[in-house]
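Let's take a walk through a protein model together. Have a look at the picture, and then we'll start with one small detail and work outwards.

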Amino acid sequence: MGVGGWISTSVPYLTPRAAGQGDAWAAEAAARGRRGTQRIVRAGEVPAPAEVAGLLGVEDGATVVVRRRVILLDEEPSELTDTYYPLAIARGTGLAGTAKIPGGAVTLLADLGHVGALVREDVTADLPDDDERHALRTAPGEPVLRLTRVTLDRDERPLQVDRMVMPARRQRLRYEIRIG
């Protein structure tokens with residue numbers, strides 16, 4: 001794809017989808033004549049890693065729900081994403097399972113009465129660990145972008161934390177901010 005070959009924006013992934021729209025990634029890729037899919041690697045209850053626990057406002061190691069996915073573009077891995085949810089929100093829902101969620105997780109959260117109102121994203125660059133490098137098929141020494149996103153409701157209660165890893169040379173992140 002070359003340097004900055006894929007430009008990604010966050011907004012489509014933060015808003016619920018209308019019935020029949022499908023997931024945001026498939027729609028974004030299709031709009032560019034590409035095929036966007038994802039593979040759920042794991043879903044269920046896990047102890048919260050320290051960073052996630054802090055962002056969700058729970059104790060380090062507290063039980064949370066995770067959905068671990070490999071995001072594919074034309075069958076090539078383009079992103080690794082772990083999405084964590086508070087247990088009280090996700091236990092017993094489709095978020096805790098490996099089945100595809102119609103309209104995506106944000107739509108299911110909205111259907112459950114949990115709508116995001118504020119998002120904070122932090123992006124850093126780093127070298128991948130061996131598992132990430134293998135999963136993303138990056139070259140030795142090739143850096144990755146790490147994006148951590150926390151979504152909060154109107155009362156600033158955390159609804160989810162996303163931790164994404166993307167090959168840096170294949171991604172460009174775009175932020176559009178309306179002022180006033």
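Start by finding Leu-80, whose bridge partner in β7 is Val-165. Keep in mind as you look that this is a predicted model. Leu-80 isn't on its own here: strand β4 (residues 76-86) is joined to strand β7 (residues 158-167) by five bridges, and the two run antiparallel. What stands opposite Asp-82 in β7? That spot belongs to Arg-163.

Now hop across to the other side of the story. Thr-148 also stands opposite Arg-163 in β7. Strands β6 and β7 pair as well, again in the antiparallel sense, and nine bridges hold that pairing. If you follow the chain from β6 to β7, you go round a hairpin with five residues between the strands, and there Glu-156 takes a positive phi near 60°.

Is β7 mostly open to the outside or enclosed? Nine of its 10 residues are buried, so the strand is largely enclosed by the rest of the structure.

Time to zoom out. How many strands make up the open sheet? There are six, and reading across you meet them in the order β2-β3-β4-β7-β6-β5, with antiparallel pairing. At the edges sit β2 (36-47) and β5 (118-126), and each of these pairs on one side only. On average, neighbouring strands in this sheet are turned by 15° against each other, if you ignore direction. As a bit of background, strands of a sheet pair through backbone hydrogen bonds, and they can do so in a parallel or an antiparallel way. Side chains in a regular strand alternate between the two faces of the sheet.

So much for the sheet; what about the inside? The largest nonpolar core has 11 residues, among them Val-46, Ala-48, Tyr-84, Val-150 and Val-161. Which elements give two or more residues to this core? They are α2 (50-56), β3 (63-73) and β6 (144-152). The largest share, three residues, comes from α2.

Val-150 is a nice one to click on. Skip its neighbours within four places in sequence, and you'll still find Val-150 in contact with Leu-55, Leu-118, Val-119, Arg-120, Pro-158, Gln-160 and Val-161. Before you finish, look for a second, separate core of 10 residues, including Ala-90, Ile-101, Ala-105 and Leu-109.

Methods
Residues numbered from 1 in each chain as written. Predicted model: local features only at pLDDT ≥ 70, side-chain atom pairs only at ≥ 80, totals over all residues. Heavy atoms only, no water. Core = buried A, V, L, I, M, F, W, Y, C linked by side-chain atoms within 4.5 Å. Buried < 20%, exposed > 50% of the residue type's maximum accessible area, 1.4 Å probe, protein only. Helix = DSSP H or I, 4+ residues; strand = E, 2+ residues; numbered from the N terminus. Contact = heavy atoms within 4.5 Å. Pairing = 2+ DSSP bridges. Axes fitted to C-alpha atoms, helices over the stretch in contact; angles between N-to-C directions.
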